[in-house]
Amino acid sequence: MQSGFGLLESGSASRKNEVNIMVKNAVDVLFGGISYWMFGFGFSFGKEQGSGPFIGIGYFFVDTGKNDDQLGHLFSLFFFQASFATTATTIVSGSMAERTKLETYILFSFLNTFIYCLPAHWIWSPEHGWLSKLGATDIAGE
């Protein structure tokens, strides 16, 4: 998805900024993936004490803290959701093409994970998410 959005954005920007746009798409995967691994997945799907309808707690650094027979499912869910999180940032990058410095975009890419994980928890966390408890359904994420 990242390369496809990069090509779409490159076609909409001036020739001198094509490399910059492709670098920004790589930054999405790198920094967005790291931040989703560090705290995004935990805020989206955490089930430990303190989780509530607004945000989850747990699974930080995608760690269960024990040997679990569900680790394969947990890691596949993380990879699937990380691709959603980084793609959400890439979609926004098209509107910022040729308008932001790389350093600022790196910060945005890192912090956009937090913005993404809130509605992800609301709808895709059946135990805690408030939209999920109201009966809302979104088949894309879970």
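## A helical chain, a buried lysine and its aromatic pairs

From the N terminus on, the elements of this chain follow the order α-α-α-α-α, and the count is accordingly given as five helices and zero strands. The model is a predicted one, and its C-alpha atoms fill a box of roughly 50 × 35 × 25 Å, taken along the principal axes. Of the 142 residues in the chain, 42% are buried. Where contacts join residues at least 6 apart in sequence, 58% of these contacts are between residues at least 24 apart.

### Lysine 24

Lysine 24 is part of helix H2, which covers residues 18-45. Which side chain of opposite charge is nearest to lysine 24, and how far away is it? It is glutamate 9, at 7.3 Å, and lysine 24, although buried, has no salt bridge. A salt bridge would need a side-chain nitrogen of Lys or Arg within 4 Å of a carboxyl oxygen of Asp or Glu.

The side chain of lysine 24 does, however, make a polar contact of 2.9 Å with the side chain of threonine 100. When neighbours within four places in sequence are left aside, the residues in contact with lysine 24 are Met96, Glu98, Thr100, Leu102 and Tyr105. With tyrosine 105 there is a further arrangement to look for in the structure, since the charged end of lysine 24 sits over the ring of this residue, 5.4 Å from the ring centre.

### Aromatic pairs

The structure holds 16 aromatic pairs. One of them is formed by phenylalanine 84 and tryptophan 124, whose rings are tilted at 55 degrees between the planes, with 5.8 Å from centre to centre. This pair links distant parts of the chain, because phenylalanine 84 lies in helix H3 (residues 71-93) and tryptophan 124 in helix H4 (residues 102-124), 40 residues apart.

Tyrosine 105 and phenylalanine 108 also form a tilted pair, with ring centres 5.8 Å apart and planes at 45 degrees. Both of these residues lie in helix H4, three residues apart, which is about one turn of the helix.

The table gives the accessibility of the residues in these two pairs.

| Residue | Relative accessible area | Class |
|---|---|---|
| Phenylalanine 84 | 28% | partly exposed |
| Tryptophan 124 | 7% | buried |
| Tyrosine 105 | 0% | buried |
| Phenylalanine 108 | 22% | partly exposed |

Phenylalanine 108, at 22%, is classed as partly exposed, because buried means under 20% relative accessible area. Elsewhere, Tyr36, Phe41, Phe45, Tyr59, Phe78 and Tyr116 form one aromatic cluster.

Conventions. Residues are numbered from 1 along each chain as its sequence is written. This is a predicted model: local features need pLDDT of at least 70, side-chain atom pairs count only at pLDDT 80 or more; totals for chains, interfaces and linings use all residues. Side-chain values use heavy atoms; hydrogens and water are left out. Helices (H or I, at least four residues) and strands (E, at least two) are DSSP runs, numbered from the N terminus. Buried means under 20% relative accessible area, exposed over 50%, partly exposed in between (1.4 Å probe, protein chains only). Lys and Arg count as positive and Asp and Glu as negative; His and the chain ends are not counted. A polar contact is a pair of N or O atoms within 3.5 Å; within protein, one must be able to donate a hydrogen and the other to accept it, and residues adjacent in sequence count only if both atoms are side-chain atoms. Contact means heavy atoms within 4.5 Å. Rings of Phe, Tyr and Trp (its six-membered ring) pair if their centres lie within 6.5 Å; planes under 30 degrees apart count as stacked, over 60 as edge-to-face and the rest as tilted. A charge sits over a ring if NZ of Lys or CZ of Arg is within 6 Å of the ring centre and within 35 degrees of the ring normal.
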